Amino acid sequence: MLHAGAGYSISNNPRVAAAEATRDAMRQAGLHHAAGALCFATTAHGAAFGLIMRTVATEARTREVAGCSSVGVIAAEHEIESGPAVAVMVFGGSSLSAKRLFVPSLRGRAREAAGEIAAAIRPALGVNNLLCLFADTYNTEPDALLSALERELPGVMVVGGGASEDGSIGETFQFCGDTVSSNAVAGMLLAGDFDLNLGASLACTPLGTTHRVTAVRDNILVELDGRRAFDVFAEAAGPLAEDVKRAVAFVFLGVPLDPDAEQMERGRYLVRNIVGASSEHGVLAVAHRPKIGERVGFALRNGERSRDDLKATLEEMQARKVAPPAFGLYFDCVSRGAALYNIPDHDSAYIGRYLGHLPIAGFFTGFEIGPLGAGYGTLQYSGVLALVSGKTG
């Protein structure tokens, strides 16, 4: 039997906020003590992150507490995207155990950090496992970390995201117990007898077909299909290309999972930022390492497309033959939310419409970790939903 609850508070007092959020979560879960708790707190509470974590642990009656800082938090069908806020998810029951983890000094140590994460949780692995990771966005090489982790822990699904902040301090923070640190990764292993139902929706739509990489220097695209890369980008961007700075804020590189794919199909490509574009030199600098002969495309960030993709993702998850979920975790890109849709609580409202009033908590991420192909990987401009259900038999 699984029990879970989610709560939040927008109190200016950090101790009160942590207590309110945790008590609401515990009340919803019907638990006297939790197996574990996840806590996400906004930058406005930055001076009191340690106090918040100690309060959550006391109210939930568990040492297994982890989480991170964020520009905004998600809980109980609300998305609080500014100001002081704390969100808490608690879980327990005979079919689930929780183990927190913390790895410091992340910068430049992706492979080593993956080994330390694996060593920390191997003794606690169960029949079924979900590893939730919250990493410092500014000091993480997520692709390298996750590739190494997949080799270290084959068969273990990973979700989560990069901790975020509101831009006022230039640091993100990771929480584990009463430890609060930047340049680290914190997390929680959920292990036991349960089913997982995972989905990821993307806030982008492909712009035309893919193009063959014909000249590249490191992360600098020089030619696509034998033409100047910037010219191909400008054609895809259309009128947006008249303002290059604006164009690269909305148009991204699309990378198919199949390097020979001529089309970018839904759920079969990822997006990466274009970090620089020069009409004079005809090149694009991208947050990716393209190879000669591979195909890449372009994608546009779009609120209507994002809504459609979210609905399609929820319909697919709803149709899967698993027991009704006991709780969910939602990790949503900071570029989504009200700024994309022009209305608050958008994704949470749709999740509630499709799945009912389910305990869900999460935060707005600097990058997302979620399902990609047959495994998992680094996502951007995505919303990752992980549902946990009791075994159907």
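How many salt bridges does a search of the whole structure find? I noted first that this is a predicted model, and then ran down the count: the search of the whole structure returns 14 salt bridges.

**Entry: E116 and R109**

I looked up the contact between E116 and R109, whose side chains meet in a salt bridge with an N to O distance of 2.8 Å. For E116 I found a relative accessible area of 33%, and because partly exposed covers the range between 20% and 50%, this residue is classed as partly exposed.

**Entry: D231 and R228**

Next I turned to D231, which forms a salt bridge with R228, and I recorded 3.0 Å between the closest N and O atoms. Is each partner buried, partly exposed or exposed? D231 is partly exposed, since its relative accessible area is 29%, and R228 also counts as partly exposed, at 33% relative accessibility.

**Entry: R289 and D218**

I then looked at R289 and D218, whose side chains meet in a salt bridge at 3.5 Å, N to O. Which parts of the chain does this pair link? I placed R289 in the loop between β21 (283-286) and β22 (295-301), and D218 in the loop between β15 (211-217) and β16 (220-224), so that the pair, 71 residues apart, links distant parts of the chain. Both R289 and D218 are exposed.

**Entry: a network**

I also asked which residues are linked in a network of salt bridges. The answer I wrote down is R266, R305, D309 and E316.

**Entry: cavities**

I moved from charged pairs to empty space, and a search of the whole structure gave me two cavities of 30 Å³ or more.

The largest cavity holds about 70 Å³ of space, and I listed its lining as E77, S348, I351, G352, L355, G356, L358 and I360. Which element supplies the largest share of that lining? Helix α9 (residues 346-355) does, with four residues. Sorted by class, I have four nonpolar, three polar and one charged residues around the largest cavity.

For the second largest cavity I noted a volume of about 40 Å³, with a lining made up of L106, G108, R109, A110, N139, T140, E141 and L145. Its classes come out as three nonpolar, three polar and two charged residues.

One cross-reference closes the page: R109, which I had entered above as the salt-bridge partner of E116, appears again among the residues that line the second largest cavity.

Technical notes. Residues are numbered from 1 along each chain as its sequence is written. This is a predicted model: local features need pLDDT of at least 70, side-chain atom pairs count only at pLDDT 80 or more; totals for chains, interfaces and linings use all residues. Side-chain values use heavy atoms; hydrogens and water are left out. A salt bridge is a side-chain nitrogen of Lys or Arg within 4 Å of a carboxyl oxygen of Asp or Glu. Buried means under 20% relative accessible area, exposed over 50%, partly exposed in between (1.4 Å probe, protein chains only). Helices (H or I, at least four residues) and strands (E, at least two) are DSSP runs, numbered from the N terminus. On a 1 Å grid over the protein atoms alone, a cavity is a set of points where a 1.4 Å probe fits but cannot get out, and a pocket is an open set with protein on both sides within 12 Å along at least five of seven lines; lining residues have an atom within 4 Å of a point. Grid points are joined across faces, edges and corners, and a volume is the space filled by probe spheres set on the points. Ala, Val, Leu, Ile, Met, Phe, Trp, Tyr, Cys and Pro count as nonpolar, Asp, Glu, Lys and Arg as charged, and the others, Gly among them, as polar.
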